[in-house]
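Thank you all for coming. Please take a moment to look at the chain on the screen, and then I will walk you through it piece by piece.

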Amino acid sequence: MREGFFVKIKKVLYGVGLSFLAGAMFYLFFRQSFRDVYNEIGSSMTKWQQEKGIMAELYHSLWNHGKFFVILWILSVNRTAVRWYIRLFLVFTGIRNGFLFLFFVMNRGWMGVLCYLASLFPHCILFSLIYLYSFGLIEKKRQQKHKMLLFIILLFAFIAACLLEVYFNLPMMQKLLCD
């Protein structure tokens with residue numbers, strides 16, 4: 001029973017790892033175009049955050065992360081559809097993170113590794129836990145005694161992760177990129 005769990009984890013890690021490499025290769029092919037984008041981001045980061053405001057950033061974060069989460073739970077009704085969605089979500093996440101990693105490393109050198117890790121901390125830790133717990137709940141499909149309580153806890157954790165991104169991560173990234 002436990003062996004099957006570790007085989008699934010191994011497959012997920014391989015899939016995300018290969019997707020990560022694919023995103024990195026994509027960046028390498030188009031690095032000159034993205035160097036211009038990086039310079040523009042660095043020069044307008046402060047102005048952009050002041051113009052949009054914190055509430056607009058919070059809505060943006062809720063929308064960006066919420067659409068994947070809502071689709072996951074809507075598709076959880078159909079076992080085949082949700083398995084394909086989880087696979088596609090993991091591939092997309094791997095490609096996006098591989099691209100982002102190389103984006104920072106190619107433009108900032110070793111400091112780019114720190115920028116990449118800072119762009120994921122602390123909200124992505126909470127998002128990862130929320131998604132892993134959701135994947136487990138969907139996979140088991142057993143009746144939970146406290147469904148509403150679990151839903152409320154997941155919802156509050158999701159909102160907390162979005163708040164962490166807006167109030168903690170954005171100012172930290174602003175300091176890293178603008179200094």
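Before I start, one word needs fixing: when I say that two residues touch, or are in contact, I mean that they have heavy atoms within 4.5 Å of each other. Please also keep in mind that what you see is a predicted model.

With that meaning in hand, take Ile-86, which touches Leu-72 and Phe-135, leaving aside residues up to four places away in sequence. These three residues, together with Phe-89, Ile-130, Tyr-131 and Phe-158, are the ones that touch the most other members of the largest nonpolar core, which has 21 residues. At least two residues of this core come from each of helix 3 (54-75), helix 4 (79-108), helix 6 (123-140) and helix 7 (147-178), and helix 7 gives the most, namely 7 residues. There is also a second, separate core of 11 residues, and among its members are Ala-24, Leu-102, Cys-115 and Met-173.

Let me step back to the whole chain for a moment. The protein chain has 7 helices and 0 strands, and of its 179 residues, 32% are buried. If we consider the contacts between residues at least 6 apart in sequence, 80% of them join residues that are at least 24 apart. The accessible surface comes to about 12000 Å², and carbon and sulfur atoms account for 72% of that.

Now, how do helix 4 and helix 6 run relative to each other? Their axes come within 11 Å and cross at roughly 160°, and since an angle over 145 degrees counts as roughly antiparallel, the two helices are therefore roughly antiparallel to each other. The crossing is left-handed. On the side of helix 4, the contact is made by Arg-79, Val-82, Arg-83, Ile-86, Phe-89 and Leu-90, while helix 6 brings Tyr-131, Phe-135, Ile-138 and Glu-139.

My next stop is a detail of the backbone. In general, most peptide bonds are trans. Here, however, Phe-121 and Pro-122 are joined by a cis peptide bond, with omega at about -5°, and Pro-122 lies in the loop between helix 5 (110-120) and helix 6.

Finally, is Asn-169, a residue of helix 7, buried or exposed? Its relative accessible area is 4%, so Asn-169 is buried, given that buried means under 20%. Not counting residues up to four places away in sequence, Asn-169 touches Ala-118, Ser-119, Leu-120, Phe-121, His-123 and Leu-164, and Phe-121 is one of the two residues joined by the cis bond I just described.

Terms used:
Residues numbered from 1 in each chain as written. Predicted model: local features only at pLDDT ≥ 70, side-chain atom pairs only at ≥ 80, totals over all residues. Heavy atoms only, no water. Core = buried A, V, L, I, M, F, W, Y, C linked by side-chain atoms within 4.5 Å. Buried < 20%, exposed > 50% of the residue type's maximum accessible area, 1.4 Å probe, protein only. Helix = DSSP H or I, 4+ residues; strand = E, 2+ residues; numbered from the N terminus. Areas by Shrake-Rupley, 256 points an atom, 1.4 Å probe, with all protein chains shown as cover. Axes fitted to C-alpha atoms, helices over the stretch in contact; angles between N-to-C directions. Parallel < 35°, antiparallel > 145°, perpendicular 65-115°, else oblique. Left-handed = near helix turned anticlockwise from the far one by under 90°.
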